[in-house]
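Thanks, everyone. I'll put the sequence and the structure up, and then go through a few local features.

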Amino acid sequence: MRGLGGGRDAALDGIRGLAALGVWLLHVGGNTGVIYRDGMFAWMTTRLGIAVPIFFLLSGLLLFRPWARAFTEGTRVPGTPRYLWRRLLRVFPAYWLVTALALWAWSSLDGFGWATWLLMLQNYTAQGQAPDGLYQMWTMPIELAFYLALPLIAWCLGVWARRGNRAVRLLGGIAVLPVISIATVVAAHVWDQPQMALWLPHHLIYFAAGMAMAVLSVWIKESRALDSLAPQLLVLAVLLYAMLSTELAGPRTLTLPSLSQSLWRMMLETAVAVLIVAPFALAPRADSLRHRVLGNPVSAYLGRISYSVFLWHAPVITLYYKVTDAEPFNGNFWPVATFTLIGTLLISAGSYHLVEENALRLSGLRRRVPAPPPEPPAREPSGAAR
């Protein structure tokens with residue numbers, strides 16, 4: 001992931017990598033039935049879906065940051081055609097490969113069904129259960145919708161922020177987006193339309209948290225107070241995650257949550273995601289323990305291949321059950337976890353280097369950015385004590 005200086009931020013890569021493993025572990029727990037057992041561990045495993053809000057927050061942070069810098073510092077605004085071209089090449093090639101293989105192997109969809117899935121329109125059509133190996137793909141139309149909407153959202157925010165303190169006005173404009181999410185949750189329950197949870201408005205609160213973080217990262221650059229409080233914030237994230245893992249945030253099964261449970265879950269997921277990412281995005285001190293832990297070469301590489309991990313883990317789990325004829329929900333957690341983790345990581349590494357990297361080169365994302373010239377040494381003010 002690109003940092004403020006244009007290079008990769010290893011710690012943010014590490015967060016994305018751990019989030020991808022969280023999604024894998026959630027689906028292993030679901031297929032083996034472990035998440036439906038009694039005990040706090042089962043409940044906390046169920047809430048590993050927190051990875052999705054973290055993904056959305058990181059997208060908002062990293063994609064909106066060029067606009068935030070342009071609006072606050074008066075630099076050039078990103079060009080929309082180039083931005084969209086890079087986004088489409090970033091997500092579609094690997095997605096098409098995984099989706100086409102899964103549909104060919106395990107589905108009986110007609111041409112319309114194929115087109116629906118290949119164009120990421122599955123959240124907007126009346127369909128039953130997702131095809132085998134593709135149950136994780138419900139997040140992709142939401143990400144794509146945000147990619148497409150971001151230039152328009154950014155333009156509106158830029159117009160709003162032209163007068164006064166631009167950073168403050170940007171934050172005020174971004175604050176409208178969580179209100180839309182809350183209104184969507186209420187509307188979904190009042191009108192009995194649960195499918196609204198699969199649309200972008202429902203999830204704008206997570207993207208907005210990342211966009212606000214982008215503005216702060218440009219405005220304040222680095223927060224020493226946040227750096228000193230980072231350990232406490234991460235502990236608080238764990239405590240709120242434990243609260244998220246209770247019935248306060250809804251049932252573990254596919255039973256629909258109540259309105260209050262949905263709102264509590266949204267608020268707690270947003271808080272946990274912010275508390276996890278903020279110490280790294282707003283206090284990016286590479287020599288800190290938290291950065292050394294999450295920014296180590298292993299976790300950083302896992303972050304780079306995390307998109308492929310997200311795409312491939314469900315087909316690998318499905319293939320395991322097809323090949324072994326194992327019964328789902330029988331609690332055989334460790335065999336499933338071991339084989340699917342190894343298989344997912346191997347296939348994902350190959351997919352990243354063969355598909356994603358070539359697409360990134362085509363889009364221009366892999367071009368080297370020349371390092372900025374070194375700044376002249378700061379002069380001591382006249383009369384300084386010696």
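Phe92 and Tyr95 are both buried. This is a predicted model, so treat each value as computed from predicted coordinates. The two residues sit in helix H4, which covers residues 80-106, and they are 3 residues apart, about one turn of the helix. Their rings form an edge-to-face pair, with 6.3 Å centre to centre and 80° between the planes.

Phe92 has a second partner, Trp96, and that pair is tilted: the centres are 4.9 Å apart and the planes make an angle of 35°. Phe92 and Trp96 also both lie in H4, here 4 residues apart, again about one turn. Is each of these two buried or exposed? Phe92 counts as buried because its relative accessible area is 9%, under the 20% cut-off. Trp96 is at 41%, between the 20% and 50% limits, and therefore counts as partly exposed.

How many aromatic pairs does a search of the whole structure find? The count is 9. Elsewhere, Phe56, Phe146 and Phe207 make up one aromatic cluster.

Next, helix H6, residues 139-160. H6 has 22 residues and spans 30 Å from its first C-alpha to its last, close to the 32 Å expected at 1.5 Å a residue. Where in H6 is the kink? The kink is at Ala149, shortly before the proline Pro151, and its angle is about 40°.

Now the backbone. Two residues to look at are Met120 and Asp192. Met120 is not a glycine, yet its phi is positive, at about 60°. Met120 is in the loop that runs from helix H5, residues 111-118, to H6. With a relative accessibility of 2%, Met120 is under the 20% limit and so counts as buried.

Asp192 likewise has a positive phi, near 55°, and is a residue other than glycine. Its loop is the one between helix H8, residues 176-190, and helix H9, residues 200-219. Is Asp192 buried or exposed? Asp192 has 57% relative accessibility, over the 50% cut-off, and therefore counts as exposed.

The loop between H8 and H9 also holds Trp191. Trp191 has a relative accessibility of 60%, which is over 50%, so this residue counts as exposed.

Trp191 belongs to a nonpolar patch on the surface, together with Ile182, Val186, Val190, Leu259 and Met267. The accessible area of these residues together is about 530 Å². Which elements give two or more residues to the patch? They are H8 and helix H11, the latter covering residues 259-281. H8 gives the most, with 3 residues.

Last, a residue inside H9. Val215 is found in that helix. Val215 has 0% relative accessibility, under the 20% limit, and so counts as buried. How far apart are the C-alpha atoms of Val215 and Leu170? The separation is 7.4 Å, while the two residues are 45 apart along the chain.

To go back over two items: in H4, Phe92 pairs edge-to-face with Tyr95, and Phe92 forms a tilted pair with Trp96. In the loop between H8 and H9, Asp192 has the positive phi, and Trp191 is part of the nonpolar patch. That's what I have.

Terms used:
Residues are numbered from 1 along each chain as its sequence is written. This is a predicted model: local features need pLDDT of at least 70, side-chain atom pairs count only at pLDDT 80 or more; totals for chains, interfaces and linings use all residues. Side-chain values use heavy atoms; hydrogens and water are left out. Buried means under 20% relative accessible area, exposed over 50%, partly exposed in between (1.4 Å probe, protein chains only). Patches are made of residues with over 30% relative accessible area and no salt bridge: like charges are joined within 9 Å, nonpolar side chains (Val, Leu, Ile, Met, Phe, Trp, Tyr) within 5 Å. Accessible areas come from the Shrake-Rupley method with a 1.4 Å probe; for residues, only the protein chains shown count as cover. A salt bridge is a side-chain nitrogen of Lys or Arg within 4 Å of a carboxyl oxygen of Asp or Glu. The expected span of a helix is 1.5 Å times one less than its number of residues. The bend at a residue is the angle between axes fitted to the seven residues ending there and the seven starting there. Rings of Phe, Tyr and Trp (its six-membered ring) pair if their centres lie within 6.5 Å; planes under 30 degrees apart count as stacked, over 60 as edge-to-face and the rest as tilted.
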